[in-house]
Amino acid sequence: MALPGREPTIAHVASISVECADCGRNRWWKPDQLKRFGVTRETPLAALSGRIICSACRAEGLPGVAVSIQAAFIDDKERARAEAHMLNSRDVPLERSRRA
């Protein structure tokens with residue numbers, strides 16, 4: 001994550017979810033896929049809402065600007081991966097069913 005008092009940037013995210021409120025289309029993008037919108041590693045996350053548009057709505061002649069953006073941070077991805085590894089490596093005995 002970003003340092004206290006500093007705004008998080010694209011460099012801090014693993015991927016970004018973009019969902020269109022008009023058509024319901026949802027896509028996950030990696031930060032390097034956002035270059036076509038003029039996004040660099042130093043772009044603040046707050047600035048994305050004004051840059052990203054829904055291409056499906058735009059193709060139908062709609063504005064395509066009613067999008068919501070959610071970021072998956074690198075630290076969150078690493079934490080989830082470590083938790084999954086811990087759960088997979090744990091030995092859990094199977095309980096046998098008992099007949100009465």
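These are my notebook entries on one predicted model, written down as I looked things up.

**Entry 1: the chain as a whole**

I began with the secondary structure and found two helices and three strands. Read from the N terminus, the order of the elements is β-β-α-β-α. I then looked up burial: of the 100 residues in the chain, 22% count as buried. The exposed surface of the chain comes to about 7700 Å², and carbon and sulfur atoms supply 51% of that area. Next I took the contacts with a separation of 6 or more in the chain. Of these, 59% are accounted for by residues 24 or more positions apart.

**Entry 2: Ser15 and Ser17 in strand 1**

I picked two serines from strand 1. Ser15 lies in this strand, and so does Ser17.

Is Ser15 buried or exposed? Its relative accessibility is 13%, which is under the 20% limit, so Ser15 counts as buried. Ser17 has a relative accessible area of 8%, and because that is also under 20%, I noted Ser17 as buried.

I then listed what each serine touches, leaving aside neighbours within four places in sequence. For Ser15 the list is Trp28, Trp29, Pro31, Gln70, Ala71 and Ala72. For Ser17 it is Asn26, Arg27, Trp28, Ser68, Ile69 and Gln70. Trp28 is in the list for Ser15 and in the list for Ser17. Gln70 is likewise in contact with Ser15 and with Ser17.

I also wrote down one distance for Ser17. Its C-alpha atom is 6.4 Å from that of Trp29, and the two residues are twelve apart along the chain.

**Entry 3: Asn26 in strand 2**

I moved on to Asn26, which is found in strand 2. Its relative accessibility is 43%, which falls between the limits of 20% and 50%, so Asn26 counts as partly exposed.

Which residues does Asn26 touch, not counting those up to four places away in sequence? They are Ser17, Val18 and Glu19. The contact with Ser17 is the one I had already met in the list for Ser17.

I looked up a C-alpha distance here as well. Asn26 and Ile69 are 43 residues apart along the chain, and their C-alpha atoms are separated by 9.8 Å.

**Entry 4: Ala47 in a loop**

I wanted one residue from a loop and took Ala47, which is found between strand 2 and helix 1 (55-59). With a relative accessible area of 29%, Ala47 is partly exposed, because this value lies between 20% and 50%. From C-alpha to C-alpha, Ala47 and Thr9 are 9.3 Å apart in space, while in sequence they are 38 residues apart.

**Entry 5: the cysteines**

How many disulfides does the count come to? The count is zero. Cys20 is in no disulfide, and the nearest cysteine sulfur, in Cys57, is 3.6 Å away. A disulfide needs the two sulfur atoms within 2.5 Å, so Cys20 and Cys57 do not make one.

I checked Cys23 in the same way. The closest cysteine sulfur to that of Cys23 is in Cys54, and at 3.7 Å it is too far for a bond.

I added the accessibility of both residues. Cys20 counts as buried at 3% relative accessibility, whereas Cys23 counts as partly exposed at 42%.

**Entry 6: the cavity**

Last, I looked for enclosed spaces. The count comes to one cavity of 30 Å³ or more. The largest cavity has a volume of about 100 Å³.

Which residues line the largest cavity? The lining is made of Val18, Cys20, Arg25, Arg27, Trp29, Arg36, Ile53, Cys54, Ser55 and Val67. Strand 1 (13-20) and strand 2 (26-29) are the elements that give two or more residues to this lining. By type, the lining divides into six nonpolar, one polar and three charged residues.

Some of these names were already in my notes. Cys20, the buried cysteine of the previous entry, is one of the lining residues. Cys54, whose sulfur is the closest cysteine sulfur to that of Cys23, is in the lining too. Val18, which Asn26 touches, is another residue of the lining.

Technical notes: Residues numbered from 1 in each chain as written. Predicted model: local features only at pLDDT ≥ 70, side-chain atom pairs only at ≥ 80, totals over all residues. Heavy atoms only, no water. 1 Å grid on protein atoms, 1.4 Å probe; cavity = no way out; pocket = protein on both sides within 12 Å on 5 of 7 lines; lining within 4 Å. Points joined across faces, edges and corners; volume = space filled by probe spheres on them. Helix = DSSP H or I, 4+ residues; strand = E, 2+ residues; numbered from the N terminus. Nonpolar A, V, L, I, M, F, W, Y, C, P; charged D, E, K, R; others polar. Buried < 20%, exposed > 50% of the residue type's maximum accessible area, 1.4 Å probe, protein only. Contact = heavy atoms within 4.5 Å. Areas by Shrake-Rupley, 256 points an atom, 1.4 Å probe, with all protein chains shown as cover.
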